[in-house]
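User: I would like to examine the charged and aromatic side chains of this model through a series of questions. Please reason briefly in each reply and finish on the value or name requested.

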Amino acid sequence: MSRDDGTQVAQLLSEGKYNLPMFLRYLKSCSMEGDQPDKSLLLGILLQSLARFQTSDFTACMCLVPSHVQDSPSVEKELNYIYGLENLLSCGLFARFWAQWSSVKEHLPESFHFEARVRTSILETICTTMESIPTEKLATYLAVSTDQVQKVVQNAIKDSEDRDMKVMAYDSGNVVFYRNRFNYPQAGAAQDAIRFTDVSSVIHNDVQRRGVAAADDSRDVRTRAWARMAEE
């Protein structure tokens, strides 16, 4: 079964097609049958899922790779490279990711559209988080020049699986995304707008109340202790 699945996975990877259910099926069959996954297929699957780092695809794939396979000398070095890249992406350290990728990509198998898909995932993450971003900073995150940003963003929108990723404007040195419930949260109709100062004041007052309560508790404890000592 794993051999047949491997043939299909190899064809998908060679054509640059992404099929997570097929990838998981192959990894699961290898694990269940006690087979060692083909190195090129394993690394190809992990790189394709890594390019979609904002989803749980990479974790789902790694969960089906047994520890003895991960520790195998034949793939240990490459997996360490991939783990390092995944950590940088998941932490939002995009500029550092591109620097690291430049130094390790020669040690990893070629993965079709990997860089383009990573840029799309970075943009999906940013537009969900921020309403606008300086063009220069976005260029750094995407590892392109500022005059390439608009073209890269347009290509990413076409490639994106997130239908909500839309750009409103490129103006005054910023890329402005359409507002959504995440990058522009709003209070309900019967609520006042929530400001950061409101949140910080609640936290500050709560900390003060807890501090006073803790002090009162400690005084009560000391008073009871002294009373017991006096009775004795």
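User: At what N to O distance do the side chains of Lys39 and Glu78 meet in a salt bridge?

Analyst: The model is a predicted one. A salt bridge requires a side-chain nitrogen of Lys or Arg within 4 Å of a carboxyl oxygen of Asp or Glu. Lys39 and Glu78 satisfy this rule, with an N to O distance of 3.0 Å.

User: Which helices does the pair of Lys39 and Glu78 tie together?

Analyst: The two residues are 39 positions apart in sequence, so their pairing ties together separate parts of the chain. Lys39 is partly exposed, with a relative accessible area of 35%, whereas Glu78 is buried at 8%. Lys39 belongs to residues 39–50 and Glu78 to residues 76–90, which are helices α3 and α6.

User: Asp5 and Arg25 also meet in a salt bridge; which of the helices holds Arg25?

Analyst: The side chains of Asp5 and Arg25 come to 3.3 Å, N to O. This pair links distant parts of the chain, 20 residues apart, with Asp5 in helix α1 (residues 2–14) and Arg25 in residues 20–33, helix α2.

User: Is Asp5 buried or exposed?

Analyst: The cut-off for a buried residue is under 20% relative accessible area. Its partner Arg25 has 43% and counts as partly exposed. Asp5 has a relative accessible area of 1%, and therefore Asp5 is buried.

User: Which residues do salt bridges that share partners join into one network?

Analyst: Glu115 forms a salt bridge with Arg119, the closest N and O atoms being 4.0 Å apart. Both residues lie in helix α8 (residues 114–129), 4 residues apart, about one turn of the helix. Through shared partners, the network consists of Lys105, Glu115 and Arg119.

User: Over the ring of which residue does the charged end of Arg119 sit?

Analyst: Arg119 counts as buried, at 15% relative accessibility. Its charged end is 4.6 Å from the centre of a ring, that of Trp98.

User: How is the pair of Phe53 and Phe94 oriented?

Analyst: The model has 5 aromatic pairs. In the pair of Phe53 and Phe94, the ring centres are 6.0 Å apart and the planes stand at 55 degrees. Planes under 30 degrees apart count as stacked and those over 60 as edge-to-face, so the remaining category applies. The pair of Phe53 and Phe94 is tilted.

User: Which residues form one aromatic cluster with Phe53?

Analyst: Phe53 lies in the loop between α3 and α4, while Phe94 is in helix α7 (residues 94–104), 41 residues apart. Both Phe53 and Phe94 are buried. The cluster joins Phe53 with Phe94 and Tyr141.

User: Which side chain of opposite charge is nearest to Asp57?

Analyst: Asp57 is found in helix α4 (residues 57–62). Asp57 is buried yet has no salt bridge. The salt-bridge rule asks for a distance within 4 Å, whereas the nearest side chain of opposite charge is 5.2 Å away, namely Arg52.

User: With the side chain of which residue does Asp57 make a polar contact?

Analyst: Not counting residues up to four places away in sequence, Asp57 touches Tyr18, Leu20, Ser49 and Arg52. Two of these neighbours also meet: Arg52 lies over the face of Tyr18, at 3.6 Å from the ring centre. The polar contact of the Asp57 side chain, at 3.2 Å, is with Thr55.

How values were computed
Residues numbered from 1 in each chain as written. Predicted model: local features only at pLDDT ≥ 70, side-chain atom pairs only at ≥ 80, totals over all residues. Heavy atoms only, no water. Buried < 20%, exposed > 50% of the residue type's maximum accessible area, 1.4 Å probe, protein only. Lys, Arg positive; Asp, Glu negative; His and termini not counted. Polar contact = N/O pair within 3.5 Å; in protein donor to acceptor, adjacent residues only side chain to side chain. Contact = heavy atoms within 4.5 Å. Phe/Tyr/Trp six-rings, centres within 6.5 Å; stacked < 30°, edge-to-face > 60°. Lys NZ or Arg CZ within 6 Å of the ring centre and 35° of its normal.
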